[in-house]
Amino acid sequence: MDKYICDVCDWVYDPEVGDPENGIAPGTAFEDLPDDFVCPLCGVGKDQFSKVEK
């Protein structure tokens with residue numbers, strides 16, 4: 001699964017870790033996040049994230 005980075009604040013969503021503090025279980029792919037997911041640091045939506053290039 002790919003990691004995604006917030007274009008605004010550089011927070012990285014790692015699907016292996018998820019975002020447990022906000023109800024996102026480890027193993028949740030970015031594509032499977034709810035439509036109302038927002039960056040836990042700056043609050044922007046999924047459309048403001050870019051795939052991390054390996």
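These are brief notes on a predicted model, taken point by point.

1. **Sheet.** Three strands make up an open sheet, ordered 2-1-3, with antiparallel pairing. Strand 2 and strand 3 (49-51) are the edge strands, and each pairs on one side only. Strand 1 and strand 3 are joined by three bridges in the antiparallel sense. Across that pairing, C6 is opposite F49 of strand 3.

2. **Core.** The largest nonpolar core contains eleven residues. Its members are Y4, C6, W11, Y13, I24, F30, L33, F37, C39, V44 and F49. C6 and F49, which stand opposite each other in the sheet, both belong to this core. Several of the core aromatics are taken up below.

3. **Aromatic cluster.** The structure has seven aromatic pairs. In one of them, Y4 and F30 are stacked, with 4.0 Å between centres and 15° between planes. This pair ties together distant parts of the chain: Y4 sits in strand 1 and F30 in the loop between strand 2 and strand 3, 26 residues apart. Y4 has a relative accessible area of 10%, so Y4 counts as buried. F30 is at 7%, and therefore also counts as buried.

4. **F30 and F49.** F30 also pairs with F49, and here the geometry is tilted: 5.5 Å centre to centre, 45° between the planes. Again distant parts of the chain are linked, with F30 in the loop between strand 2 and strand 3, F49 in strand 3, and their positions 19 residues apart. F49 is buried because its relative accessible area is 9%, under the 20% cut-off. On the ring of F30 there is a further partner: the charged end of K46 sits over it, 5.5 Å from the ring centre. One aromatic cluster takes in Y4, W11, Y13, F30, F37 and F49.

5. **W11.** This cluster member is in the loop between strand 1 (4-6) and strand 2 (12-13). W11 has a relative accessibility of 18%, so W11 counts as buried; the cut-off is 20%. Setting aside neighbours within four places in sequence, W11 contacts Y4, I5, C6, F37, C39, P40, L41 and F49. Of these partners, Y4, C6, F37, C39 and F49 are listed with W11 in the nonpolar core. W11 and G43 lie 32 residues apart in sequence, and their C-alpha atoms are 11 Å apart in space.

6. **D10.** D10 is a point to check by eye. D10 is placed in the loop between strand 1 and strand 2, the loop that also holds W11. The phi of D10 is near 75°, a positive value in a residue other than glycine. Most residues other than glycine have a negative phi. D10 is at 54% relative accessibility and therefore counts as exposed. W11, in contrast, counts as buried.

7. **T28.** T28 is in the loop between strand 2 and strand 3, where F30 is also found. With a relative accessible area of 18%, T28 is buried. Its side chain reaches the backbone oxygen of A25 at 2.7 Å. Not counting residues up to four places away in sequence, T28 touches M1, Y13, P15 and L33. Y13 and L33 are among the core residues, and Y13 is also in the aromatic cluster.

Definitions and conventions. Residues numbered from 1 in each chain as written. Predicted model: local features only at pLDDT ≥ 70, side-chain atom pairs only at ≥ 80, totals over all residues. Heavy atoms only, no water. Core = buried A, V, L, I, M, F, W, Y, C linked by side-chain atoms within 4.5 Å. Buried < 20%, exposed > 50% of the residue type's maximum accessible area, 1.4 Å probe, protein only. Contact = heavy atoms within 4.5 Å. Helix = DSSP H or I, 4+ residues; strand = E, 2+ residues; numbered from the N terminus. Pairing = 2+ DSSP bridges. Polar contact = N/O pair within 3.5 Å; in protein donor to acceptor, adjacent residues only side chain to side chain. Phe/Tyr/Trp six-rings, centres within 6.5 Å; stacked < 30°, edge-to-face > 60°. Lys NZ or Arg CZ within 6 Å of the ring centre and 35° of its normal.
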